[in-house]
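Notebook open, and a new structure to go through. I want to look up the overall build, then the charges, the rings and the cysteines.

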Amino acid sequence: MSLSHPNRPWCFTSSTPASTVPSLNVATKAKSSALCFEETKQRIKKMFNKVELSLSSYDTAWVAMVPSPNSLQAPFFPQCVNWLLDNQLCDGSWGLPNRDPILVKDALLSTLACIVALKQWGVGEEQMNKGLFFIESNIAAATDEKQLSPIGFDIIFPAMIECATNLDLNIPLGAMNLEALVNKGELELKRGYGSNSEGRRTYLAYVSEGLGKSQDWEMVMKYQRENGSLFNSPATTAAAFTHLKNSGCLEYLCSLLEKFGNAVPTVYPLDIYARLFMVDSLEKLGIDRHFREEIKSVLDETYRYWLQGKEEVFLDTATFAMAFRMLRVNGYDVSSDLFTRFPQEDHFSSTLGGYSKDIGAVLELFRASEIIIHPDESVLEKQNLLTRHFLRRELSNGSIHIDRLNKYLVQEVDNAIKFPYHANLERLSNRRAIEHYNKNNTRILKTSYCSLNIGNEDFLKLAVEDFNSCQSIHREELSHLARWVTENRLDKLKFARQKLAYCYFSAAATLFPPELSDARISWAKNGVLTTVVDDFFDVGGSEEELVNLIQLVEKWDVNVSTDCCSEKVEIIFSALHSTICEIGDKALTWQGRSVISDIIDIWLNLLKSMLKEAEWLSKNSVPTMDEYMTNGCISFALGPIVLPALYFLGPKLSEEVVRAPEIHHLFELMSTCGRLLNDIQSFKRESDEGKLNAVSLCIIHGDGINAEEEAIKEMKSFIASKRRELLKLVLQEKRSVVPRACKDLFWNMIKVLHLFYRKDDGFTSNEMMNAVNAIIEEPIVLNVL
C-alpha cells in the first residue's frame with residue numbers, strides 16, 4: 001500500500017499530464033477521490049449485513065473424526081472428510097492460505113489433525129504423505145518460542161502425535177523433538193495443578209480434545225451452551241459428542257454444516273462480537289459518523305440480546321465488556337451489576353481469558369470499567385483498579401508480546417492507561433488509532449481464523465482520507481483566525497498571551513467534521529477573547545479600565561472613539577462587539593431566532609465575575625469556599641466558549657431549553673471540574689503571586705486539612721465525583737430536554753481540560769504544541785502505516 005501524498009485517492013486512473021491541463025487534472029483527481037471515498041463507504045456498509053468467517057481445517061478434521069452411530073468404521077460426516085481431501089495447500093499443509101510465517105505451529109497442528117482424520121477412515125494416502133513431509137520439514141517450529149502458539153497447543157499437539165502413533169502413522173519427529181514436546185505438554189498440564197481455579201478447569205475443558213479418555217467428560221458438559229456447543233468450538237463439541245453422544249452437541253454440528261457447507265469455522269457464532277468490533281473500530285478511527293444508521297442497528301440488536309440475557313453477549317468476557325461500554329456511552333440503560341459475576345479478588349485466574357492471559361479481553365474490561373456514572377458502582381471501581389494494575393504489570397515485565405498479528409498491542413495498552421476515557425481527546429485518539437490500526441484480519445484461538453469484519457484495510461483507507469480531508473479544512477480555518485487576530489489588533493495587546501493555536505486546537509480536536517465549521521470558529525474566537533480578557537483583568541488593565549469595559553458591554557451600542565477610556569479597552573471592546581455580532585448573525589441562520597442578547601449576557605457574567613476576583617485581590621479579601629467556587633465557575637471562562645457553540649451543532653434550541661436547569665447543571669459541573677483542575681496545577685505559581693485559589697482556600701477553611709497534599713487529594717476525589725455526575729447527565733435520555741449532540745460538547749470540554757492539565761498548566765506551557773501539530777499541521781501518510 002503506497003501513496004505519494006496523503007490527500008491523493010487510493011483509486012488510480014489515467015489522466016492527462018498536469019503540465020498540459022492542470023486545472024482539469026486537479027478536478028479529475030478530486031472527483032476520483034470523492035468517488036473512491038464513496039465506494040469504500042459502500043463496501044464497509046455491506047459488511048454490516050454479514051459476518052465473514054474463514055473455515056477451519058483443524059475443527060473440520062475433528063468433526064470428520066466423529067464415527068457414524070451405525071458403524072464405527074464410517075464417518076458421521078463424510079462431507080467433511082471430502083473437504084479435507086480437497087483443501088490441502090500446495091506445501092502439503094492444511095490451514096489458512098498465505099499464512100503469516102509466525103503461524104507454523106498452527107499449521108503443524110491443523111495438518112496433523114487432518115492426517116489423523118484421513119488415516120482414521122483409510123483415505124487420502126497421497127495427501128497424508130504430503131502432510132507428513134510438511135511436518136518433517138517444519139517440526140522444529142513446534143518447540144520454537146518465537147512462534148505464536150495456538151491456545152492449548154502444548155497439550156493438544158502431543159496428544160495428537162500419540163493418537164497418530166496408535167493409528168500406525170509414522171510421524172517424523174526425531175527423538176529430541178518428541179521428548180521436548182512431551183515435556184512441554186506435561187508442564188502445561190501441571191500449570192496450576194492443585195489449585196481450585198475455575199479458570200484452569202475452564203481451560204482444560206476448552207482443550208478437551210487433547211485430553212481424550214483422561215478427561216472428565218461429564219464435568220466438561222457443564223460448559224455446554226444453549227446452542228448445544230462447548231465454548232462455541234466445533235472441535236471441542238465434536239470430541240464431546242464422540243465420547244458422550246450428546247444430542248445438543250450433534251444439533252450444533254449439524255447446524256454448522258447446514259450453514260457453512262462441508263466444513264466448519266473455529267468459532268461460531270461470532271456475529272455480535274464481530275459487529276461490535278466493527279463499530280468500535282469505526283468509532284476509534286473517527287469515521288463512525290458515516291455509518292450512523294448501521295451502527296444504531298447493531299447497538300439496538302445488542303441491547304435486545306442484553307435484555308434477553310443471550311449467551312453470545314454474556315459468556316465471552318471481551319464481548320460482554322465491549323457491549324456494556326458501547327451501549328452505555330450511546331445512551332442505552334445497562335446496569336453494571338452484571339460485573340459482580342466476575343470474582344473481584346482474582347478475576348484473571350477465574351476465567352478462560354484470564355487463565356490464558358488474554359490481554360485483549362482484559363483491556364476491554366478496563367475500558368468498560370471507566371464508564372462509571374453512578375456513585376454506588378464500586379464493582380466498576382474495583383474492576384478498574386484490578387485491570388489497570390494487571391495491564392501495568394504486564395507492560396512493565398514485558399509480558400505483552402509483540403507479534404505480527406497485532407504489532408501495536410503494547411502501544412494500545414499503554415495509550416489506554418495514559419489516556420483514560422475522561423482525558424482521551426477524540427481527534428488525538430483517532431490519530432493514534434489510525435497510526436496503530438491492526439489491519440491484519442487474522443486472529444488465533446486453538447487455530448487461526450480470519451474475518452474481514454475484525455481487521456480491514458478499507459477502514460484504514462477511509463480513516464486516513466477523512467482525517468486528512470478534515471485537517472486541510474482546519475488549516476484553512478486557522479489561517480482565517482490568524483488574520484482575524486491581526487485585523488482586530490489583538491496582537492497589539494502585549495500583556496495578553498497569544499494562544500490562538502491552542503484555542504483552535506481544542507475546537508478542531510472535538511468538533512472536527514467539516515459541517516461544524518461555524519461551531520469551531522465560534523469556539524476558537526471566544527477562546528482567544530476569553531484569554532485576552534482574563535489577562536486584561538489579571539495584569540493588563542487598571543480598575544478604571546475594567547469597569548469601563550463592563551459598562552461598554554452593558555450599554556452595547558456606544559461610540560468607541562469617545563466612550564472608551566483607553567486604547568486597550570477600545571481594542572478589546574471592538575473585538576468583542578464585532579465577534580458577538582458575527583456569531584449572532586450566523587446563529588440566526590442556524591436557529592431561526594436572535595440569540596445576540598443571550599451571548600452578551602454570557603460575556604457580562606464572565607466580566608463581572610472577573611471583576612469580583614480582581615476586587616478580592618486588591619482588598620486582600622478571603623472569600624469562603626462556596627463564594628469562591630460560585631464565582632469561579634463563571635470566571636473560569638468556559639461560558640463564552642461552550643455555550644454559543646451549542647447553536648451551531650444542528651439541533652434547534654428554544655429559549656426554554658437554553659434556560660433549562662439541565663443546561664445550567666451541565667455547565668456548572670463542567671466548570672467546577674475545570675476550575676479545580678486549573679487551581680491544582682497553578683497553586684504554586686499563584687501562591688507566589690499572592691493569589692488565592694481553591695487549594696489555598698481549602699487549607700484555610702478546611703476542617704483538619706492543613707497540607708497541600710491533603711487538599712489536592714480531596715479535590716481530585718471531588719473532581720471525579722462531579723465528572724461522573726456530568727457523564728451521567730450526558731448519557732441520560734429519560735427526562736432530558738437537551739439534545740445529545742449539545743450535551744456531548746460539555747463532556748468534550750472535560751476531555752480538553754483533563755488533557756491540558758494532565759501534567760501541569762498545559763494552557764500556559766508550550767508542551768501541547770506537539771498535539772496541536774498532530775491535529776492541524778501534520779497529515780497522515782498512508783504508505784508509512
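Below are my entries, grouped by topic.

**Entry 1: the overall build**

I'm working with a predicted model, so local features are only taken where pLDDT is at least 70. The chain has 785 residues, and 56% of them count as buried. For secondary structure I get 35 helices and two strands. I also looked up the extents: along the principal axes, the C-alpha atoms fill a box of roughly 105 × 80 × 45 Å. Then contacts: of those with a separation of 6 or more, 73% come from residues 24 or more positions apart.

**Entry 2: salt bridges**

How many salt bridges does a search of the whole structure find? I get 44. I picked out some to look at individually.

Glu198 with Arg201 went into the book with its closest N and O atoms 2.8 Å apart. Both residues belong to helix H8 (residues 198-206), and being three residues apart there puts about one helical turn between them. Glu198 is partly exposed at 24% relative accessibility, and Arg201 is partly exposed as well, at 27%.

Next came Asp466 with Arg427, where the closest N and O atoms are 3.5 Å apart. Asp466 is in helix H21 (residues 457-487) and Arg427 in helix H20 (residues 426-435), so this bridge ties together parts 39 residues apart in sequence. Buried or exposed? Both Asp466 and Arg427 are buried.

Then I took Arg489 with Glu570, at 2.7 Å between the closest N and O atoms. Arg489 sits in the loop between H21 and helix H22 (500-508), while Glu570 is in helix H26, so the pair ties together parts that are 81 residues apart in sequence. The two ends are not classed alike: Arg489 is partly exposed at 30% relative accessibility, whereas Glu570 counts as buried at 18%.

I also noted a network of salt bridges that links Asp280, Lys284, Arg325, Glu364, Arg367 and Glu412.

**Entry 3: charges over rings**

Back to Arg427 for a moment. Besides its bridge to Asp466, Arg427 lies over the face of Phe512, 3.9 Å from the ring centre.

Lys751 was my other stop here. This lysine is in helix H34 (residues 740-756), and its charged end sits over the ring of Tyr421, 4.7 Å from the centre. Which side chain of opposite charge is nearest to Lys751? That is Glu426, at 6.0 Å, and Lys751 has no salt bridge although it is buried. The cut-off for a bridge is 4 Å between nitrogen and carboxyl oxygen. Leaving out residues up to four places away in sequence, Lys751 touches Tyr421, His422, Ala423, Asn424 and Leu425.

**Entry 4: aromatic pairs**

Searching the whole structure gave me 23 aromatic pairs. I wrote one out in full: Trp556 and Phe573 are edge-to-face, 6.0 Å centre to centre, with 75° between the planes. Trp556 is in the loop between helix H24 (543-555) and helix H25 (560-563), and Phe573 is in helix H26 (residues 567-591), so the pair ties together parts that are 17 residues apart in sequence. Trp556 counts as buried at 11% relative accessibility, and Phe573 counts as buried at 1%.

I logged one aromatic cluster too, formed by Trp306, Phe314, Phe320, Phe324 and Phe339.

**Entry 5: cysteines**

How many disulfides does the structure hold? Zero. I checked two cysteines to see the distances. For Cys450, the closest cysteine sulfur is in Cys114, and at 16 Å that is too far for a bond. Cys698 is in no disulfide either, with the nearest cysteine sulfur, in Cys633, 15 Å away. Cys698 is buried, at a relative accessible area of 9%.

**Entry 6: a proline on the outside**

Last lookup was Pro661, which is in helix H31 (residues 661-688). Pro661 is exposed, with 67% relative accessible area. I also took its C-alpha to C-alpha distance to Pro779: 42 Å in space, for 118 residues in sequence.

Conventions:
Residues numbered from 1 in each chain as written. Heavy atoms only, no water. Phe/Tyr/Trp six-rings, centres within 6.5 Å; stacked < 30°, edge-to-face > 60°. Helix = DSSP H or I, 4+ residues; strand = E, 2+ residues; numbered from the N terminus. Buried < 20%, exposed > 50% of the residue type's maximum accessible area, 1.4 Å probe, protein only. Lys NZ or Arg CZ within 6 Å of the ring centre and 35° of its normal. Lys, Arg positive; Asp, Glu negative; His and termini not counted. Contact = heavy atoms within 4.5 Å. Disulfide = S-S within 2.5 Å.
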